[in-house]
Amino acid sequence: MESTAGRSGQLLAISDLHIGYAENRALVERMRPQSDDDWLLVAGDVSENVADIRWTLETLSARFRKVIWAPGNHELWTHPKDPVQLRGVARYDHLVALCRELGVTSPEDPYPVWDGPGGPAVIAPLFLLYDYSFLPRGCSTKEQGLAYAESTGVICTDEHFLHPDPYPSREAWCRARVAETERRLAELPDDLPVIPVNHYPLDRHPTDILRYPEFAMWCGTDLTADWHRRFRIEIMVYGHLHIPRTTWHEGVRFEEVSVGYPREWRTRPGPPGTLRRILPMEVGAGDRGAAPGVRGGRGELR
């Protein structure tokens, strides 16, 4: 593990920047730390375009003392409009190399230790994907779940753009990532709490308020449901749902930190693109509230 020498500053977080939207790109242009010691956790879905990902991470890493990135599903898309047409593991490896070039910490790097206010804590960026185990009620297999979701008009664009090569399926890739990440987390020292940063929640409970519950299939895996107990997790930072809020599950704080699409954040109170403070802990009175939910139907890039 890598430790920081800084003893001040804040641990901040954001996700789902989706800077393909001009309004969201403008939010990133305005993002600034409050001190020279602030760290920023970026929990995925910066963009589906590699050039946009580079611009965002380069911009933020020039401003924050440390930037820690975990990939979302959009970064892993092989979108026909992106000049970089790498697929699956090759695309992920390309993004990891980009992060290393920019000095951004990725899931393939040693986990850093935040020893500023509220620390020390291990910050663990994760890349786990999903395995369709968050099935709709009444469904017992992936095939049943996908058929039911399609019948309701809910389907994730991953089915068209997120390729698992060389794995035979996204769920096989997920299982491999879970096994490797589990090994690394088990090797962490027993005396430090852990703050994982993953695009998807480690437990299914945050998906319970989705307006379209079928979308939960693309939101995580049951394989991580006990990780918050097994690995001394203090705070779980995630995005993907576009429902920014704080929840508590078995004594562990779950923070959804997404920006989302302009049509979503325009309806929320408060300034858009506000960075969520993870440490030192600050939970406002309204943090348990929920946004309306998301729909990932045909034609929507979810």
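I take contact to mean heavy atoms within 4.5 Å.

**Entry 1. Thr105**

I looked up Thr105 first in this predicted model. By that criterion, Thr105 touches Lys66, Val67, Ile68, Trp69, Pro110, Pro112 and Pro125, leaving aside residues up to four places away in sequence. I located Thr105 in the loop that runs between helix H4 (88–102) and strand S5 (112–114). Is Thr105 buried or exposed? Its relative accessible area is 5%, so I recorded Thr105 as buried, the cut-off being under 20%.

**Entry 2. Confidence**

I then checked the pLDDT, which averages 91 over the protein, with 91% of the residues scoring at least 70. I noted that residues 285–302 have a pLDDT below 50. This stretch nevertheless has 60 contacts in the model beyond near neighbours in sequence.

**Entry 3. Helices H1 and H2**

I examined the packing of helix H1 (residues 22–30) with helix H2 (residues 50–61); the axes are 9 Å apart and the angle is about 25°. Because angles under 35 degrees count as roughly parallel, I entered H1 as roughly parallel to H2. Which residues make the contact? From H1 they are Arg25, Val28 and Glu29, and from H2 they are Asp52, Trp55, Thr56 and Leu60. Sorted by class, I find 3 nonpolar, 1 polar and 3 charged residues in the contact of H1 with H2.

**Entry 4. Nonpolar cores**

I recalled that nonpolar side chains tend to be buried together in soluble globular proteins. The largest nonpolar core here has 48 residues, of which Leu129, Leu185, Trp218 and Trp227 touch the most other members. I listed the elements giving two or more residues to this core: H4, strand S6 (121–125), helix H5 (142–152), helix H7 (170–186), strand S8 (235–238) and strand S10 (252–256). H7 gives the most to this core, with 4 residues.

I also looked up Trp227, which touches Leu126, Leu128, Val178, Thr181, Glu182, Leu185, Leu202 and Ile233, not counting residues up to four places away in sequence. Apart from the largest core lies another, of 25 residues, including Ile14, Leu95, Cys99 and Leu102.

**Entry 5. His205**

Where does His205 lie? I found His205 in the loop between strand S7 (194–197) and helix H8 (227–230). His205 has a relative accessibility of 17% and therefore counts as buried. Not counting residues up to four places away in sequence, His205 touches Arg245, Thr247, His249 and Phe254. I also computed its separation from Asp82: His205 and Asp82 are 123 residues apart in sequence, and 34 Å apart in space, C-alpha to C-alpha.

Terms used:
Residues numbered from 1 in each chain as written. Predicted model: local features only at pLDDT ≥ 70, side-chain atom pairs only at ≥ 80, totals over all residues. Heavy atoms only, no water. Buried < 20%, exposed > 50% of the residue type's maximum accessible area, 1.4 Å probe, protein only. Axes fitted to C-alpha atoms, helices over the stretch in contact; angles between N-to-C directions. Parallel < 35°, antiparallel > 145°, perpendicular 65-115°, else oblique. Nonpolar A, V, L, I, M, F, W, Y, C, P; charged D, E, K, R; others polar. pLDDT = per-residue confidence, 0-100. Core = buried A, V, L, I, M, F, W, Y, C linked by side-chain atoms within 4.5 Å.
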